[in-house]
Amino acid sequence: NRAAKAAAESYYTRFSEPAPYLCRDEQGKQNLSPTLQKYFNFIASIQTDLKIIFVGDSISAQFAQAFDSATLDEAQEDSVRAKNIFRPDGNRPSIIHICRSISSPIRGGGVSAFWRITNLILKENNKWPSRCTGFFRRWNEGQALDFLNHEYNSTQFVLPSNKGVSHQVNRTTTDYFQKSKLASFKAGNVNVVNGFDAAVFRVPHGWLQLDYIDSARLIETIETTHRILGATTIVIPTLPMSNNVKSENDWKKVTQINRMIREVARNITKSEGDVQYVLVQEFGNLTNQLLMENAKNLDLLSLHHRDIDYSREGWEVDVANVFLQRPPITTKKWPPSYSQVCSSLPSNRTEACPGVKISPDGMHWCVETFGGRFTASIACLLGCVYNVARPPTDEEIRKCEQRCNDQFMSLNVVRDEMFKN
């Protein structure tokens, strides 16, 4: 749907929390240049009967909230959306973060959920009790059961995380979880979630040492996600540049992690009743291309770097110095780069630059800009699995995955035939 700017500004932000992550005009953020804005001038409306859960950190929360906006009609949210929140700053009680949310049913009859986990989903990180706080780095099966046992049209989780089984630290957690999950499945109540079809897991690299993120831990995370949530399709976004990337060596490690994500997706062993498809969303590719194009607008590139072949593997490593250009004097512990947050450069490099609707802080992303492409990309990737007459082969999945990423996770104009109006 090609929408007016005002409509697109608010379309993906109905559920956006906290407010500092927004990039509206009143936040002092300027639009992308016309040559870049043309790639983002659309909104995506989603209708699905799939049960989908987003898992990850506050960046994952941003896009889960955008997905909710794309799947819930206006005025529907109060009756079908539940959430579990925390306030990180007692001096600013209006600032809230989401630990968990669930919307059911969404347009089409499906479910959209979010689970805040700022770690990999490993046995070593499984801890009871759970807490909804900013620095709780663990997960447990009790939290998963809250989602599985959630009743449609309920604005409360069946098993709130602040009491009940989530705080029973003396249980044999896996045995309890398996029995409870089976009881939930056997109930057969169509108004209970019971299990998810797909999970979108974002590696929370800002919370982790980059060397900690390896293929064995990623595979365990994928398999555990299936075991506790039922998802047989897993989507993993590649990692973008962020203010956690402090050096060229850090950036090389991020690009190596992205290569590892692709390799795991293609090579993970599949068995009956297990994870069937692992798909890669090339979110890092989209953001890298946009940052480079904005860097050109800011005249941060030398002449021989201005014509970049984005199809060439490793191009982003060669221009790491561009991504890492940051204010030389700053009070921020994690300063953003110019290409992430600036619409123009200040004459005095020690001053703040005028903002641009790419990132509010160098870590999070402006859903007002990226919401359409992210949401459409998830729908497209899941369509590779579920919008087909028979289970696709590995070759068919990879070709479809590539088409989705070429269309939505790169700076290609969305084809006119994809729009209703």
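The exercises below, each with a worked solution, concern aromatic pairs, strand pairing, one helix and the nonpolar core of a predicted model.

**Exercise 1.** Classify the geometry of the ring pair Phe 63 and Phe 283, and state where in the chain the two residues lie.

*Solution.* Begin with the distance: the ring centres of Phe 63 and Phe 283 are 5.4 Å apart, and centres within 6.5 Å qualify as a pair. Next take the angle: the planes stand at 70 degrees, so the pair is edge-to-face, given that angles over 60 degrees are counted in that class. The structure holds 17 aromatic pairs. Then place the residues: Phe 63 belongs to helix 3 (residues 58–71) and Phe 283 to helix 9 (residues 283–297), so that this pair links parts of the chain 220 residues apart. Finally, Phe 63 and Phe 283 are both buried.

**Exercise 2.** Carry out the same classification for Trp 365 and Phe 370, and identify the aromatic cluster that holds them.

*Solution.* The ring centres of Trp 365 and Phe 370 lie 5.5 Å apart and their planes are at 80 degrees, so this pair too is edge-to-face. For burial, the cut-off is a relative accessible area under 20%; Trp 365, with 1%, is therefore buried, and Phe 370, at 0%, therefore counts as buried as well. One aromatic cluster is formed by Phe 40, Phe 54, Phe 63, Phe 67, Phe 283, Trp 365, Phe 370 and Phe 374. A charge can be added to this picture, since the charged end of Arg 373 sits over the ring of Phe 40, 5.5 Å from its centre.

**Exercise 3.** Describe the surroundings of strand 6 (residues 198–201), covering its two faces, its bridges to strand 2 and its bridges to strand 7.

*Solution.* Start from the general pattern: side chains in a regular strand alternate between the two faces of the sheet. In strand 6, Ala 198 and Val 200 are on one side, Ala 199 and Phe 201 are on the other, and all of them are buried, which leaves both faces covered. Turning to the pairing, strand 2 (residues 51–56) runs parallel to strand 6 and is joined to it by 4 bridges, with Val 200 as the bridge partner of Phe 54. Strand 7 (residues 233–237) is also parallel to strand 6, through 3 bridges, and here Val 200 has Val 235 as its bridge partner. From strand 6 the chain passes through helix 7 (residues 215–229) to strand 7, in a β-α-β crossover that is right-handed.

**Exercise 4.** Determine whether Asp 146 is buried or exposed, and trace the contacts that involve Asp 146, Arg 100 and Ala 144.

*Solution.* Asp 146 lies in helix 5 (residues 141–148) and has 0% relative accessibility, so this residue counts as buried. The side chain of Asp 146 makes a polar contact of 2.5 Å with that of Arg 100. Arg 100 has a further partner, as its charged end sits over the ring of Phe 147, 5.8 Å from the ring centre. Ala 144 is likewise found in helix 5 and, at 0% relative accessibility, counts as buried. The C-alpha atoms of Ala 144 and Ile 228 are separated by 6.3 Å, although the two residues are 84 apart along the chain.

**Exercise 5.** Give the number of residues in the largest nonpolar core and name the helix that gives the most to this core.

*Solution.* The largest nonpolar core has 113 residues, and those with the most contacts inside it include Ile 53, Trp 115, Val 203 and Phe 370. Helix 13 (residues 367–386) gives the most to this core, with 9 residues.

Terms used:
Residues numbered from 1 in each chain as written. Heavy atoms only, no water. Phe/Tyr/Trp six-rings, centres within 6.5 Å; stacked < 30°, edge-to-face > 60°. Buried < 20%, exposed > 50% of the residue type's maximum accessible area, 1.4 Å probe, protein only. Lys NZ or Arg CZ within 6 Å of the ring centre and 35° of its normal. Pairing = 2+ DSSP bridges. Right-handed = clockwise from strand over helix to strand, strands pointing away. Polar contact = N/O pair within 3.5 Å; in protein donor to acceptor, adjacent residues only side chain to side chain. Core = buried A, V, L, I, M, F, W, Y, C linked by side-chain atoms within 4.5 Å.
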